Amino acid sequence: MTVVAIVITTLLAGGAVLALVRIVRGPSILDRIVATDVLLAVIVMSIATEAAFSRDATALPVLAVLSILGFTGAVSVARFAIRRQAPADPPSGRDADRPSSDYQAESIDLPDSLGLPAALDRRPPEPPDRGDSLSPPDRLDRPTEEVR
Amino acid sequence: MSGVLDVIAWFLLVVGALLSLSAGVALIRFPDLLSRMHAATKPQVLGLLLVLIGCALRLRDAVDITTLLLVAVFSMATAPVAAHMIGRAAYRAGQARADLLVVDELADADDKR
Amino acid sequence: MKGGRWRDRCIAALGLTGIWVLLWGSFSALTFVGGLIIAVIVLVVFPLPAVTYAGRIHPLGTLRFLGRFLTDMVVASFQVVRLAFSFGHVPTSAIVAVKLRAPSDLGLTMTAEALSLVPGSLIVDVDRKKGVLYVHVLEVKSAEQAEQFKEDVLELERRIIRAFGSPAERRIIEEVPA
């Protein structure tokens, strides 16, 4: 049994180390998030293995919390990663507290352009509405593309 | 009986750990972000399920098994959400290497608009 | 319509109560009533858009779908593992557009979730109005293989509709040959 535990620990540690290497090396922030997800899953697995090894269920609530909240980090960073690439966006402070438009049908439509250079070029110049752009009807008319 | 259950549990735990190691290897080895995500998000799910089943076989207590069941359901429900968000962001950011794509119908659809 | 909404809310409240009871790990009057109260508060404070669900759960179709889903997951996981350990081989991939035949919200979501959990396929984008899924597939070498994968996705959709679909959706699925 001890031998099996050592084998499992080695395998899990190997996975964790490789994920850490990708976190350090990862060229983009998205690579790092993906690797962080892997690291989190390895941690969950280690805790579960420890619980199985010692027959002690104390740590199981931790697993429940991790599995519920683990994905929020990835989702929020993915959102901000998109937003940072769209410089025509309004200041993100106001934009961030507009979650209700996630439920609109248009919010999962395809964008006009994909890829970074194209996104920079082809984004239509916005009308100079910065001054009153915070009035409700104006904000609703805008394409909800940035919010996801 | 309990010995047999223990053996099955250890086997499942070892396979789960092996899957997590392979996810790590794929994370290092695959060429672009979208391919890495395949390895990173999926063998993980199966590995996690196997480890949880192994854990349940060792604990054999109704309270703990319900908690483990919840963990499994939550992670299976949330993993695709995270994967979808990251995949979409990755494609937008041009992280999909075009030289590795045999077919790219998303780019075609985009051009037609 | 209104009755249907209340039915949906009751199901949601019962589901949340079930999770609460599972979290406590023991079924007693206290956990059940407490869970019910919290479920009602959650539903009142965070109202969600109604999910239109006209279908019915077919036990046989569900079993078939779940069995196939689990075998798919195991087989495909080990394929990715083999790919990860075959050093020196750079996997190529493809992004294919799959037009679903019965794109209800729920069917689209279920298909996307099932595809995401099976290794080797990853949802990159969704066109909800047209009911098109853009799927990134690992280890595709030729355009024929991409076409083959489309067939697989449609087959998966067929299994899901057979398990959870409404009568109208089932008719569409049976009429159009895969």
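Just past helix H3 of chain B, B:Gly94 adopts a positive phi of about 75 degrees. The model is a predicted one, and the helix that ends ahead of this glycine is a good place to start. H3(B) covers residues 62-92, and its 31 residues ought to span 45 Å at 1.5 Å a residue; the C-alpha atoms at its ends sit 46 Å apart, so expectation and model agree.

H3(B) also turns up where chain B meets chain A. Here, 53 residues of chain B are in contact with 48 residues of chain A. On the chain B side, helix H1 (2-29), H2, H3 and helix H4 (105-112) each put in at least two residues. The biggest share comes from H3(B), with 17 residues. Sorted by class, the chain B side of this contact comes out as 34 nonpolar, twelve polar and seven charged residues.

One piece of the meeting between these chains is a helix pair. Helix H2 of chain A (residues 29-54) packs on H3(B) at an angle of about 160 degrees, and their axes are 10 Å apart. With angles over 145 degrees counted as roughly antiparallel, H2(A) is therefore roughly antiparallel to H3(B). The crossing of the two is left-handed. From H2(A) come A:Leu30, A:Ile33, A:Val34 and A:Asp37, and these meet B:Ala82, B:Ile86, B:Ala89 and B:Ala90 of H3(B). The tally for this contact is seven nonpolar residues, no polar ones and one charged.

H2(A) has a partner inside its own chain as well. Helix H1 of chain A (residues 2-25) packs against H2(A) at about 165 degrees, with the axes 8 Å apart. That angle is why H1(A) and H2(A) count as roughly antiparallel. They, too, make a left-handed crossing. On the H1(A) side, the contact uses A:Ala5, A:Ile8, A:Leu12, A:Gly15, A:Ala16, A:Ala19, A:Leu20, A:Arg22 and A:Ile23, while H2(A) brings residues including A:Asp31, A:Arg32, A:Ala35, A:Leu39, A:Val42 and A:Phe53. Split by class, the contact between H1(A) and H2(A) holds 13 nonpolar, four polar and three charged residues.

Chain B makes a helix contact with chain C too. The axes of H2(B) (residues 33-59) and helix H3 of chain C (residues 59-85) come within 9 Å and cross at roughly 135 degrees. H2(B) and H3(C) are therefore oblique to each other. Their crossing is left-handed. B:His38, B:Ala39, B:Lys42, B:Pro43 and B:Leu46 on H2(B) meet C:Met73, C:Val74, C:Ser77, C:Val80, C:Val81 and C:Ala84 on H3(C). Eight of the residues in this contact are nonpolar, two are polar and one is charged.

As for chain C itself, the domain assignment divides it into domain 1 (2-45) and domain 2 (59-175). The C-alpha centres of domain 1 and domain 2 of chain C are 33 Å apart.

Note on methods: Residues numbered from 1 in each chain as written. Chains lettered and ligands numbered in written order. Predicted model: local features only at pLDDT ≥ 70, side-chain atom pairs only at ≥ 80, totals over all residues. Axes fitted to C-alpha atoms, helices over the stretch in contact; angles between N-to-C directions. Helix = DSSP H or I, 4+ residues; strand = E, 2+ residues; numbered from the N terminus. Parallel < 35°, antiparallel > 145°, perpendicular 65-115°, else oblique. Left-handed = near helix turned anticlockwise from the far one by under 90°. Contact = placed C-beta atoms within 7 Å. Nonpolar A, V, L, I, M, F, W, Y, C, P; charged D, E, K, R; others polar. Expected span 1.5 Å × (residues − 1). Domains from an automatic or database assignment.
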